[in-house]
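Subject: Handover of a structure and notes on its features

Dear colleague,

Please find below the structure that I am handing over to you. My notes on what was found in it follow directly after.

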Amino acid sequence: MSGFSDAWLAQREPLDAASRDAGLVSGLRSATPHRPIVVTDLASGSGANLRYLAPRLGGEQHWRLIDHDSGLLAAMPARLDAWAASADATVRRDREQLIVKGPSFDCHIERVSMDLSDGIASLAIEPHSLVTASALLDLVSAAWLEELAKRCQQASATGFFALTYDGRVDFEPPDADDALVVDLINRHQRTNKGFGPALGPAAAEHSGEVFRDLGFEVTTARSDWRIGDQHCDLQRTLLADWASAAQEIAADESTTIDRWAERRARRTEAGTRLVVGHVDLLARPMAE
Ligand SMILES: C[S@@+](CC[C@H](N)C(=O)[O-])C[C@H]1O[C@@H](n2cnc3c(N)ncnc32)[C@H](O)[C@@H]1O
């Protein structure tokens, strides 16, 4: 997507939550039995990953949510307030800290404004903690991912990375130019997103290999977006963004891409089912 506005992250949050693999989260819970648990959420945006994981992890949790966009970090209290009622939780501020208490969980939340593209050498990763991110790994470079995995290994930290885009986009009904545009989107996904050449569609598979090579026990599961008529607005947002990403890669295909986007927009009104491939990954460190 072009930029990550609070509105876009809020639009995708329910779909992300419905798509994530519940079985892998149960595995995460058994992999991290001790409480309190320290959790570092990389590129947290306005906190969607915390809202999904906190009730499922349960118990006392100390979260550090890191993003370079201070606007998204500032939007977090309002997003937590809006979600708290549905989780039967309360949100309170204690100076800069946010404290969220639910029936089975108790989260202390610190927000950190930091540009992660400079590397994570300065980031403290506590021993046996949890390092997590959602919708991040396709944006980063191979070198950045390898550094992250090494830092997790040194700290015997568990890694949990949800919703990594894996390059699959399937439309039903199909269009003759879908393959061309999806190829252009995937080429755009590999351009630099601030962390060096992005892994894009290769991120899901590569991250499994990198953590496995460092001795982690890796489990993955699909967390595809399945987008039907109930998400027409989101389909429109995606189509507009995909068309402009494709144009950036192949300006000479601009007429074909515009016509594809027009036909796709009409089909969205008539009813299109769309699958966007994602993968969740749990990396458990070797037992000491
Ligand atoms: C796809 S969004 C995911 C946000 C959040 N994890 C979620 O699931 O809603 C990617 C996030 O990466 C953050 N980001 C991008 N580049 C970054 C960087 N160099 N340093 C820190 N955060 C970054 C963006 O601000 C955005 O919040």
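Strand E3 (residues 90–94) and strand E4 (residues 97–101) form an antiparallel pair held over five bridges. Within this pairing, Thr90 faces Lys101 of E4. The hairpin of E3 and E4 leaves two residues between the strands, and Arg95 adopts a positive phi there, near 50°. Please note that the model is a predicted one.

The pairing continues from E4 to E5, again in the antiparallel sense, over four bridges. Three residues make up the hairpin connection from E4 to E5, and Ile99 has His108 in E5 as its bridge partner. E5 (residues 105–113) also pairs with strand E2 (residues 59–67), here in the parallel sense and over nine bridges. In that pairing Asp67 stands opposite Ser113 of E5. As background for reading these strands, side chains in a regular strand alternate between the two faces of the sheet.

Several backbone details deserve attention. Most residues other than glycine have a negative phi, and most peptide bonds are trans. Against that background, two cis bonds may be noted. The bond from Arg35 to Pro36 is cis, with omega near 0°, and Pro36 belongs to the loop between helix H2 (22–31) and strand E1 (37–42). The bond from Glu172 to Pro173 is also cis, with omega near 5°; Pro173 is placed in the loop between E7 and H6.

Positive phi values occur at residues that are not glycine. Asp88 has a phi of about 55° and sits in the loop between helix H4 (70–84) and E3. Ala135, with phi near 55°, is located in the loop between strand E6 (130–134) and H5. Are these two residues buried or exposed? Asp88 is exposed, because 11 other C-beta atoms lie within 10 Å of it, and a residue with 12 or fewer is classed as exposed. Ala135 counts as buried because it has 21 C-beta neighbours inside 10 Å, and 20 or more are required for that class.

I turn next to the interior. The largest nonpolar core contains 55 residues, and Val100, Leu136, Leu137, Val140 and Leu145 have the most contacts inside it. Helix H5 is the element that gives the most to this core, with five residues. Leaving aside residues up to four places away in sequence, Val140 touches Leu145, Phe195, Ala198 and Leu199. There is also a second, separate core of twelve residues, which includes Ile185, Leu238, Ala245 and Ile257.

H5 (residues 142–154) also holds Ala143. This residue counts as exposed because it has 12 C-beta neighbours inside 10 Å. Ala143 and Ala121 are 22 residues apart in sequence, and their C-alpha atoms are 13 Å apart in space.

Helix H6 (residues 178–189) allows a simple check of its length. Its twelve residues, at 1.5 Å a residue, should span 16 Å, and the C-alpha atoms at its ends are 16 Å apart, so the two values agree. Which residues of H6 are buried? They are Val181, Leu184, Ile185, Asn186, His188 and Gln189. These buried residues pack against strand E7 (158–172), helix H8 (232–249) and helix H9 (254–270). Ile185, buried in H6, is also among the residues of the second core.

Leu180 lies in H6 as well. Leu180 is partly exposed, because 16 other C-beta atoms lie within 10 Å. Although Leu180 and Ile257 are 77 residues apart along the chain, their C-alpha atoms are separated by 8.8 Å.

Finally, the surroundings of the ligand. Of the 18 residues around the ligand, Ala43, Gly45, Ala48, His68 and Ser134 come nearest. By character, the shell is made up of eight nonpolar, seven polar and three charged residues.

With kind regards

Terms used:
Residues numbered from 1 in each chain as written. Predicted model: local features only at pLDDT ≥ 70, side-chain atom pairs only at ≥ 80, totals over all residues. Near = placed C-beta within 6 Å. Nonpolar A, V, L, I, M, F, W, Y, C, P; charged D, E, K, R; others polar. Expected span 1.5 Å × (residues − 1). Contact = placed C-beta atoms within 7 Å. Core = buried A, V, L, I, M, F, W, Y, C linked by C-beta atoms within 7 Å. Pairing = 2+ DSSP bridges.
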